[in-house]
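This report describes the salt bridges, cysteines, nonpolar cores and helix packing of a single protein model. The sequence and structure are shown first.

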Amino acid sequence: MGRWGLTLPLPGTPLHAHEELVKRAEAVGYTDFWSGETNGPDGFTPLALSAAWTERARLGTGIVGVFQRGPALLAQEAAALADASEGRFVLGIGSSSDRIVEGWNGIPFERPLSKVRETLEFLRVALEGERTEGGFKLETKPAARVPIVLAALRGKMLELAVERADGAFTNFLPLAGLAQVAAQLEDAPEGFELLCRFFCLPGEREAVEPLARFMFSSYVTVPVYAAFYRWLGYGDQIDAMVAAWESGDRQGAAAAAPWELIEDMFVFGTPEQMRERLDAFVAGGITLPIVTPIAPPKALAATIEALAP
């Protein structure tokens with residue numbers, strides 16, 4: 001069995017209530033905890049807490065944006081978590097999205113590929129304990145090398161990940177599109193990882209469809225994700241949904257979300273069906289599936305255990 005991840009923070013669960021869930025998840029076989037960072041907790045705090053709650057699990061940011069933090073601060077945060085976890089930390093960085101960077105934070109979303117490349121080069125130097133061109137040097141070099149993973153959906157960002165990073169982190173990936181992503185990684189070095197977050201909704205279609213439609217339409221209408229789906233060849237399927245969203249018709253966008261793509265991307269059904277689906281992604285080239293269980297708080301622990309390796 002390869003690596004098997006769980007997203008932190010867990011949905012609907014306050015951070016102060018995570019300890020037992022995190023400890024139990026490690027006990028039942030999850031090898032990794034990777035934080036999300038959208039409009040909940042930041043990407044580092046859940047991992048800092050989990051560093052104290054776990055003994056073996058790897059802890060990764062999946063992902064934190066390079067626009068919202070300066071590169072020196074990113075290096076400091078990475079070094080701190082590498083220290084707190086005694087070398088179990090992986091830094092996942094990416095451009096985030098135009099909606100988050102520009103819409104929510106008021107920071108121009110310009111030249112994202114260049115920004116990620118420049119930040120990556122800075123971090124490589126800083127995390128080795130060397131002085132950067134701008135004069136920054138960490139007070140204490142991390143005792144162990146800090147791997148860096150790039151959020152990379154398509155094209156040149158995937159190329160950059162293959163050339164300079166230790167892995168690529170994809171998201172909202174339909175199974176039918178996996179081969180196209182994996183094909184971009186044929187020249188990746190040995191040990192290169194392809195990580196993907198999977199939104200797991202227990203239940204059959206009638207139970208999960210409203211939430212799935214809302215999630216799909218709210219994500220895939222973000223310009224970077226819309227471009228990803230067009231790159232995968234799904235432009236015709238998403239055009240009506242994107243047009244409705246851009247006109248302010250959120251309900252219309254959800255109604256126009258193509259069910260065949262929703263079904264190909266989300267993980268639905270019984271625990272056995274969900275595991276079978278996750279295994280299909282692993283067989284297609286995902287080296288680390290990261291499970292995001294979307295379940296009521298009372299059912300969350302059981303869902304985590306049911307999807308454990």
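How many salt bridges does the structure hold? The structure holds 17 salt bridges, a salt bridge being a side-chain nitrogen of Lys or Arg within 4 Å of a carboxyl oxygen of Asp or Glu. The model is predicted, so local features need pLDDT of at least 70 and side-chain atom pairs count only at pLDDT 80 or more, whereas totals for chains, interfaces and linings use all residues. Residues are numbered from 1 along each chain as its sequence is written, and side-chain values use heavy atoms, with hydrogens and water left out.

## Salt bridges

Side chains of opposite charge can pair when their charged atoms come close. Three of the pairs are tabulated here.

| Pair | Closest N to O distance |
|---|---|
| D32 and R3 | 2.7 Å |
| K23 and E19 | 2.8 Å |
| E55 and R56 | 3.7 Å |

The pair of D32 and R3 links distant parts of the chain, 29 residues apart: D32 lies in strand β2 (residues 32-35) and R3 in the segment before β1 (5-8). Helices (H or I, at least four residues) and strands (E, at least two) are DSSP runs, numbered from the N terminus. D32 is buried, with a relative accessible area of 0%, while R3 is partly exposed at 32%. In these terms, buried means under 20% relative accessible area, exposed over 50%, and partly exposed in between (1.4 Å probe, protein chains only). Both residues also belong to a network of salt bridges that links R3, D32, R58 and E193.

K23 and E19 both lie in helix α1 (residues 19-27), four residues apart, about one turn of the helix. An α-helix has 3.6 residues a turn, so residues three or four places apart point the same way. K23 is partly exposed at 33% relative accessibility, and E19 is partly exposed at 29%. In the third pair, E55 is exposed at 65% relative accessibility, and R56 is exposed at 54%.

## Cysteines

The structure holds zero disulfides, a disulfide being a pair of cysteine sulfur atoms within 2.5 Å. Why is C196 without such a bond? The closest cysteine sulfur to that of C196 belongs to C200 and is 10 Å away, too far for a bond. C200 is likewise in no disulfide, its nearest cysteine sulfur being that of C196. C196 is buried at 0% relative accessibility, and C200 is buried at 0% as well.

C200 is also one of the contacts of T292, where contact means heavy atoms within 4.5 Å. Leaving aside neighbours within four places in sequence, T292 is in contact with T7, R197, F198 and F199 in addition to C200. T292 is found in strand β10 (residues 288-293) and is buried, with a relative accessible area of 7%.

## Nonpolar cores

In soluble globular proteins, nonpolar side chains tend to be buried together. A nonpolar core is a set of buried Ala, Val, Leu, Ile, Met, Phe, Trp, Tyr and Cys residues joined through side-chain atoms within 4.5 Å. The largest such core has 97 residues, and those with the most contacts inside it are F216, Y229 and F266. A second, separate core of eight residues includes V90, F169, L288 and I290.

Not counting residues up to four places away in sequence, F216 touches F172, T221, Y229, M241, A257, P258, L261, I262, M265 and F266. With the same exclusion, P258 touches F216, Q237 and M241. P258 lies in the loop between α11 (250-256) and α12 (259-265) and is buried at 7% relative accessibility.

## Helix packing

Helix α6 (residues 155-164) has M157, L158, L160, A161 and V162 buried. These buried residues pack against α5 (112-126), β6 (148-151), β7 (167-171), α7 (178-183) and α9 (223-231).

Where α8 (residues 205-220) meets α10 (residues 235-246), the helix axes come within 10 Å and cross at roughly 80 degrees. Axes are lines fitted to C-alpha atoms, for helices over the stretch in contact, and angles run from 0 to 180 degrees between N-to-C directions. The helices α8 and α10 are therefore roughly perpendicular to each other, the class that covers 65 to 115 degrees; angles under 35 degrees count as roughly parallel, over 145 as roughly antiparallel and the rest as oblique. The contact is made by F216, S217, S218 and V220 of α8 and by I238, M241, V242 and W245 of α10.
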